Amino acid sequence: ECRIMYELRKHPHIISLKEFCQDADYYFIIQELAMGGELFEAVISHNNYSERDAQNVVRTLLYTLLYCHEKGVVHRDLKPENILLKSKGDLLNIKIADFGFATHVVK
């Protein structure tokens with residue numbers, strides 16, 4: 001997971017890996033803080049999520065997935081809970097997170 005996040009770190013819509021460390025019992029992944037929480041919760045809490053906003057989010061998501069695929073990475077657990085918002089109230093600035101199931105594909 002950390003290796004893949006490191007490879008994708010330069011993309012503005014992928015949650016960035018800040019640090020990785022471990023002790024005798026645990027691994028610790030320190031990531032960028034996304035203050036807006038999950039896209040899933042944001043969509044539910046907004047009464048008027050416009051079609052235009054949905055189009056923009058999907059467009060950003062697709063371009064970000066294209067970047068991942070060009071790097072040979074498949075996320076394999078993409079869902080609204082793994083799409084985070086950079087800040088509260090901004091439904092357009094998304095970050096893909098949770099690369100725990102991600103893998104490299106052989107071309």
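# A walk from the core to the charged pairs

The largest nonpolar core in this structure has 25 residues, and those with the most contacts inside it are Leu8 and Phe99. Five elements each supply at least two residues of this core: the helices α1 (2–7), α2 (39–45) and α3 (51–70), and the strands β5 (83–85) and β6. Of these, α3 gives the most, with five residues. Please keep in mind as you read that this is a predicted model.

Let us start with Leu8. Which residues does Leu8 touch, not counting residues up to four places away in sequence? They are Ile14, Tyr67, Cys68, Lys71, Val73 and Phe99. Notice that Phe99, which shares with Leu8 the place among those with the most contacts inside the core, is on that list of residues touched by Leu8.

Phe99 also leads us to our next stop, His75, since Phe99 is one of the residues that His75 touches. You can find His75 in the loop between β4 (73–74) and β5. Is His75 buried or exposed? His75 is buried, with a relative accessible area of 4%. Its side chain reaches two backbone atoms: the nitrogen of Leu78 at 3.3 Å and the oxygen of Asp98 at 2.9 Å. Leaving out residues up to four places away in sequence, His75 touches Asn82, Ile96, Ala97, Asp98, Phe99, Phe101 and Ala102.

Now turn to the strands. Three of them form an open sheet in the order β3-β5-β6, with antiparallel pairing. Why is one side of β3 and of β6 left without a neighbour in the sheet? Both stand at the edges and each has a single partner strand, so one side of each has no neighbour there. If you would like to see how β3 is joined to β5, look for two bridges between these antiparallel strands. For Glu38, the bridge partner in β5 is Leu84.

On β6 (residues 94–96) you will meet Lys95. Lysine carries a charged side chain in the salt bridges described below, so where does Lys95 sit, buried or exposed? At 7% relative accessibility, Lys95 counts as buried. Leaving aside neighbours within four places in sequence, Lys95 is in contact with Pro12, His13, Ile14, Ile15, Glu32, Asn82, Ile83, Leu84 and Lys86. Ile14 in this list is also touched by Leu8. The fold also brings Lys95 to 8.5 Å from Leu61, C-alpha to C-alpha, although the two are 34 residues apart in sequence.

One contact of Lys95 deserves a second look. The side chains of Lys95 and Glu32 make a polar contact at 3.1 Å, and this pair forms a salt bridge. Glu32 belongs to the loop between β2 and β3 while Lys95 is in strand β6, so the pair links distant parts of the chain, 63 residues apart. Both partners are buried, with Glu32 at 14% relative accessibility.

Glu32 has another partner too. Glu32 forms a salt bridge with Lys86, where the closest N and O atoms are 3.2 Å apart. Here again distant parts of the chain are linked: Glu32 is in the loop between β2 (27–31) and β3 (37–38), and Lys86 is in the loop between β5 and β6, 54 residues apart. Unlike buried Glu32, Lys86 counts as partly exposed, at 34% relative accessibility. Together, Glu32, Lys86 and Lys95 are linked in a network of salt bridges.

How many salt bridges does a search of the whole structure find? The search finds three. Besides the pairs of Glu32 with Lys86 and with Lys95, the side chains of Lys79 and Asp77 meet in a salt bridge at 3.7 Å, N to O. In this pair, Lys79 is partly exposed, with a relative accessible area of 36%, whereas Asp77 counts as buried at 16%.

Finally, what about the cysteines? A disulfide is a covalent bond between the sulfur atoms of two cysteines. The count of disulfides here comes to zero. Why is there no bond from Cys2? The cut-off is 2.5 Å between sulfur atoms, and the closest cysteine sulfur to that of Cys2, in Cys21, is 9.5 Å away, which is too far. Cys68 is too far as well, because its sulfur is 15 Å from the closest cysteine sulfur, in Cys2. Cys2 counts as buried at 17% relative accessibility, and Cys68 is buried with a relative accessible area of 3%.

Conventions. Residues numbered from 1 in each chain as written. Predicted model: local features only at pLDDT ≥ 70, side-chain atom pairs only at ≥ 80, totals over all residues. Heavy atoms only, no water. Buried < 20%, exposed > 50% of the residue type's maximum accessible area, 1.4 Å probe, protein only. Helix = DSSP H or I, 4+ residues; strand = E, 2+ residues; numbered from the N terminus. Contact = heavy atoms within 4.5 Å. Polar contact = N/O pair within 3.5 Å; in protein donor to acceptor, adjacent residues only side chain to side chain. Core = buried A, V, L, I, M, F, W, Y, C linked by side-chain atoms within 4.5 Å. Salt bridge = Lys/Arg side-chain N within 4 Å of Asp/Glu carboxyl O. Pairing = 2+ DSSP bridges.
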